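Here is a short report on one protein chain. Please keep the sequence and the 3D view open while reading.

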Amino acid sequence: MKKKFKQLLCVMLAVMLCMSAAAPVMAATGNQAIAIAKYKSYLKKNKGRYSMVDIDRNGIPELVLHNTTKRRNELFTYSPKLKRTVCLKCQYWYKNQAMPKYSVSKHTVVFPTSDTGGHRYYAYRVSGTKAKLVLRTEYVNGRFARLGPKYRKAYKVNGKKVSRAVYSSKLAAVSRGGRYPSKVSK
C-alpha cells in the first residue's frame, strides 16, 4: 500500500512540475506573438532591413531596424507590462547608410554613424526594456584640422584618446560575431 501511495505521489508531483513549467512558456509565446504583430504593423509604414531576434534571451524578440524611411537605425522591444512597443535606442545616420550590428551571445547592439569629419560607434547592452551604453568609439579623420586641435586625426574610446590598435581591439571585441539585419521590409 505504501509503495503504491509513493508511486502515485511521485506521478502527481511530476505532473505538477510539468504544468508549472509550461505556464511561463505559454505566456512568453503569447507576448512573442503580440510583439511580432506590433513590429509588423510598424514595418508596414517604414522601409529598410530588419531582424526580429531575442537579443537578451528573455522570451520577447527585439526589432533591430535599419530604417531607410526615417534615415536612422532603431532598436525596439515589446513591454508586456505597458502592453506596447518601446523604442530602446535610435541613431540617425548622415553620410553613409551603415547598418546596426547585433550579437545575441553578448546581448549587444552596435549603432554606427558617420559624417564628413569621421565616424562613431555606439554599443548598447540590452536587458529587458533598457539599453545601456557600454562603449562609444570615435574616429576623427582630420579633414577639418585647420579649424583647431580638436579636429585633428584621432581615435577615441569613451571620450579618451587612444592608439589605433586599442581603438580597433575595443571595437572588434564588442562587435565580433555580430550579425546585420537580414530581412527587407517592403
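The sections below go from the whole chain to its strands, one buried serine and a pocket.

## Overall make-up

This is a predicted model. The chain holds two helices and 11 strands. Read from the N terminus, the order of elements is α-β-β-β-β-β-β-β-β-β-β-α-β. A helix therefore opens the series, and a strand closes it.

The chain has 186 residues, and 37% of them are buried. Contacts also reach along the sequence. Take the contacts between residues at least 6 apart in sequence: 42% of these join residues at least 24 apart.

## Strands 6 and 7

Strand 6 covers residues 108–115, and strand 7 covers residues 118–127. The two run antiparallel. Eight bridges join them.

The link between these strands is a hairpin, with two residues leading from strand 6 to strand 7. Asp115 of the pair faces Gly118, which belongs to strand 7.

## Strands 7, 8 and 9

Strand 7 also pairs with strand 8, residues 130–140. This pairing is antiparallel and has 10 bridges. Two positions show the register. Tyr121 has Thr137 of strand 8 as its bridge partner. Ala123 stands opposite Leu135, again in strand 8.

Another hairpin connects strand 7 and strand 8, with two residues between them. Gly128 sits in that turn and has a positive phi of about 65°. Strand 8 pairs onward with strand 9, residues 154–157. Four bridges hold this antiparallel match. Val140 is bridged to Ala154 in strand 9. In a regular strand, side chains alternate between the two faces of the sheet.

## Ser51

Where is Ser51 found? It lies in strand 1, which spans residues 48–53. Is Ser51 buried or exposed? Its relative accessible area is 5%. The cut-off for buried is under 20%, so Ser51 counts as buried.

The side chain of Ser51 makes a polar contact with the backbone nitrogen of Ser182, at 3.2 Å. Ser182 is also one of the residues in contact with Ser51 once neighbours within four places in sequence are set aside. The others in that list are Glu62, Leu63, Val64, Tyr102, Tyr180 and Pro181.

## The largest pocket

The largest pocket encloses about 170 Å³ of space. It is lined by 14 residues, and those closest to its centre are Gly117, Glu138, Val140, Lys150 and Tyr151. Strand 7 and strand 8 are the elements that give two or more residues to the lining.

Which element gives the largest share of this lining? Strand 8 does, with three residues. By class, the lining has six charged, four polar and four nonpolar residues. Val140 links two parts of this report: it is among the residues closest to the pocket centre, and its bridge partner in strand 9 is Ala154.

Notes:
Residues are numbered from 1 along each chain as its sequence is written. This is a predicted model: local features need pLDDT of at least 70, side-chain atom pairs count only at pLDDT 80 or more; totals for chains, interfaces and linings use all residues. Side-chain values use heavy atoms; hydrogens and water are left out. Two strands pair if DSSP finds at least two bridges between them. Buried means under 20% relative accessible area, exposed over 50%, partly exposed in between (1.4 Å probe, protein chains only). A polar contact is a pair of N or O atoms within 3.5 Å; within protein, one must be able to donate a hydrogen and the other to accept it, and residues adjacent in sequence count only if both atoms are side-chain atoms. Contact means heavy atoms within 4.5 Å. On a 1 Å grid over the protein atoms alone, a cavity is a set of points where a 1.4 Å probe fits but cannot get out, and a pocket is an open set with protein on both sides within 12 Å along at least five of seven lines; lining residues have an atom within 4 Å of a point. Grid points are joined across faces, edges and corners, and a volume is the space filled by probe spheres set on the points. Ala, Val, Leu, Ile, Met, Phe, Trp, Tyr, Cys and Pro count as nonpolar, Asp, Glu, Lys and Arg as charged, and the others, Gly among them, as polar.
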